[in-house]
Amino acid sequence: MKDMIALQLLPCVLFLTVLLAMSATSHAAALRLDLTHVDSGRGFTKGELLRRMAARSRARIDSRWSPPGRGANAHAVTAPVARGTYLIHFSIGTPRPQRVALTLDTGSDLVWTQCFCQVCFPQPFPELDTSASGTARGVSCFDPLCAQGSFSLSGCAVGDNSCMYTDSYGDNSVTTGKLYEDTFTFQQPKSSLVRPVLVPNLRFGCGMFNTGIFGSNESGIAGFGRGALSLPSQLKVGKFSHCFTTIVESRPSPAFLGTPDNLQAQATGRLQSTPLVRNPESNHYYLSLKGITVGKTRLPFDASAFALKGDGSGGTIIDSGSALTSVPEAVYRSLVEAFESQVPLPVNKNNTDEHEGLLCFTASPKKKEIAMPKLILHLEGADWDLPRENYVLYTEEDGLCVVIGSAGEDNRSLIGNFQQQNTHIVYDLEHNMLVFVPARCDKL
């Protein structure tokens, strides 16, 4: 009789075992999220998008990496400027998760959202209320992460010994608040049959005093840097990736926390990899750029023009938050000369200020498909041959524009997200490599 009962219970035991195993590993496998562009669905023309991208990138360079004496006011900005470009959406708290929309930032660590606002920027939905969550708890100032979380400043709050922090950014944005811990809910895409993924005990900042450059459709920042408080670090994933869809089409872009099932899925070209370069002075992800080719011309600059210097200056950053790729002024002048000598169209000199100094060629709609010189970024161990649509944009107002900018007096180079469109980019932190492959991002 006992044997019969055991046999009857066996399927239930097996089911529970599988269910518990799935629960225990639910966030160990690749977690998919959908990102939205900050300008998505807002009705901008291609010309307006170009100006916004250029202004955003220009202001980011001027305020973030400028030498003394220059700053956010050093360059006239003709459009409202958001701090980043892509928003990551999830919820915090239980039993009723509250929505957050955070700017994806690969150059910082802290994950934070606005709550208990004293000085805050406008956001399109209510600020987070930790008192409404049954699982929220404050982090003690004696917790090691309070002292070692790479904050600009941290310490004990008077009265309750909770962890108070101040975190500042290179563009002079600042957030001050308390460190909390709660359950994050990651809603899977609508087309997926996978239920929402709940991850308990994740640390985040509850920003009460927040000033600087922020967009009207975000509530904070999601740090994806190398530090212990970044989202990838807290989820204990050795890889994360994103695949930005075509910016002018306003489609969601997939991101993966963990190892994607198949990097060759929807690939349209060859998979390549290049080492990530560490900079002790920065949380950004640096690459080793060796040179640039425009059409038939290899620009007359060797790897030293793009190399990371001993004092932490220089170098080449791959940046999710900057729209456009930018290079040092001398390199940019050479790049412009190479394009001008190979493109059989007159340069549009009328709109230089309006499109933030980008090189544009006068072209009628009939000539917008004219052949353009190839653009190749020579990285260590890889040649990133950019497709035309990742560095050329046609607008009726400006003609054919080369979507590459000058870093001005700054000696850093940036690879922006316009150049990363329709490319599945994997940050392999376990092996300190960047893996990339052209892909149909909207099909992933």
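This report describes the chain as a whole, its disulfides, a sheet with the helix packed on it, and some local features of the backbone.

## The chain as a whole

The structure is a predicted model, and its chain is made up of five helices and 27 strands. Of the 444 residues in the chain, 53% are buried, while the accessible surface comes to about 19700 Å², with 55% of that area belonging to carbon and sulfur atoms.

Contacts can also be described by how far apart the partners lie in sequence. When contacts in the chain between residues at least 6 apart in sequence are considered, 70% of them join residues at least 24 apart.

## Disulfides

A disulfide is a covalent bond between the sulfur atoms of two cysteines. In this model the count comes to six disulfides, and if the bonded cysteines of the chain are numbered in sequence order, their pairing reads 1-8, 2-3, 4-6, 5-7, 9-12, 10-11. Three of these links are described here, beginning with Cys117 and Cys120, whose sulfur atoms are 2.1 Å apart. The link of Cys117 and Cys120 is left-handed, with -95° about the S-S bond. Cys117 has a relative accessible area of 25% and is therefore partly exposed, and Cys120, at 30%, is likewise partly exposed.

Another disulfide joins Cys146 to Cys163, with an S to S distance of 2.1 Å, and this link is right-handed, with 90° about the S-S bond. Because Cys146 lies in helix H3 (residues 144-148) and Cys163 in strand E7 (residues 163-168), the pair ties together parts that are 17 residues apart in sequence. Both Cys146 and Cys163 are buried.

The disulfide between Cys243 and Cys441 has its sulfur atoms 2.0 Å apart, and the torsion about its S-S bond is about -70°, so this disulfide is left-handed. It links distant parts of the chain, since Cys243 belongs to strand E11 (residues 239-243) and Cys441 to the segment after strand E27 (433-438), with the two positions 198 residues apart in the numbering. Cys243 and Cys441 are both buried.

## A three-stranded sheet and helix H5

One open sheet has three strands in the order E19-E23-E22, and their pairing is antiparallel. Strand E19 (359-361) and strand E22 (392-395) stand at the edges with a single partner strand each, so one side of each is left without a neighbour in the sheet. From one strand to the next, the twist averages 25°. Strand E22 and strand E23 (residues 399-402) are paired in the antiparallel sense over four bridges, and Thr395 stands opposite Gly399 in E23.

Helix H5 packs on this sheet, where it touches E19 and E23, and its direction makes about 10° with that of E19. H5 covers residues 329-342, which gives it 14 residues, and it reaches 20 Å from its first C-alpha to its last, close to the 20 Å expected at 1.5 Å a residue. Within H5, the buried residues are Val331, Tyr332, Ser334, Leu335, Val336, Ala338 and Phe339.

## The surroundings of Thr185

Thr185 is part of strand E8, which runs over residues 174-186. Its relative accessibility is 8%, and because buried means under 20%, Thr185 counts as buried. Leaving aside residues up to four places away in sequence, Thr185 touches Phe90, Ser91, Pro97, Pro196, Val197 and Leu198.

## Backbone features in loops

Most residues other than glycine have a negative phi, and most peptide bonds are trans. Against that background, three places in the loops deserve a look. A cis peptide bond joins Thr94 and Pro95, with omega about 0°, and Pro95 is placed in the loop between strand E2 (86-92) and strand E3 (98-105).

Lys236 has a positive phi, near 60°, although the residue is not glycine, and it is found in the loop between helix H4 (231-234) and E11. With a relative accessible area of 74%, Lys236 is exposed. Gln266, also a residue other than glycine, has a positive phi near 60°, and its place is the loop between strand E12 (253-257) and strand E13 (272-277). The relative accessible area of Gln266 is 29%, so this residue is partly exposed.

Key: Residues are numbered from 1 along each chain as its sequence is written. This is a predicted model: local features need pLDDT of at least 70, side-chain atom pairs count only at pLDDT 80 or more; totals for chains, interfaces and linings use all residues. Side-chain values use heavy atoms; hydrogens and water are left out. The expected span of a helix is 1.5 Å times one less than its number of residues. Buried means under 20% relative accessible area, exposed over 50%, partly exposed in between (1.4 Å probe, protein chains only). Contact means heavy atoms within 4.5 Å. A disulfide is a pair of cysteine sulfur atoms within 2.5 Å. Two strands pair if DSSP finds at least two bridges between them. Axes are lines fitted to C-alpha atoms, for helices over the stretch in contact, and angles run from 0 to 180 degrees between N-to-C directions. Accessible areas come from the Shrake-Rupley method with a 1.4 Å probe; for residues, only the protein chains shown count as cover.
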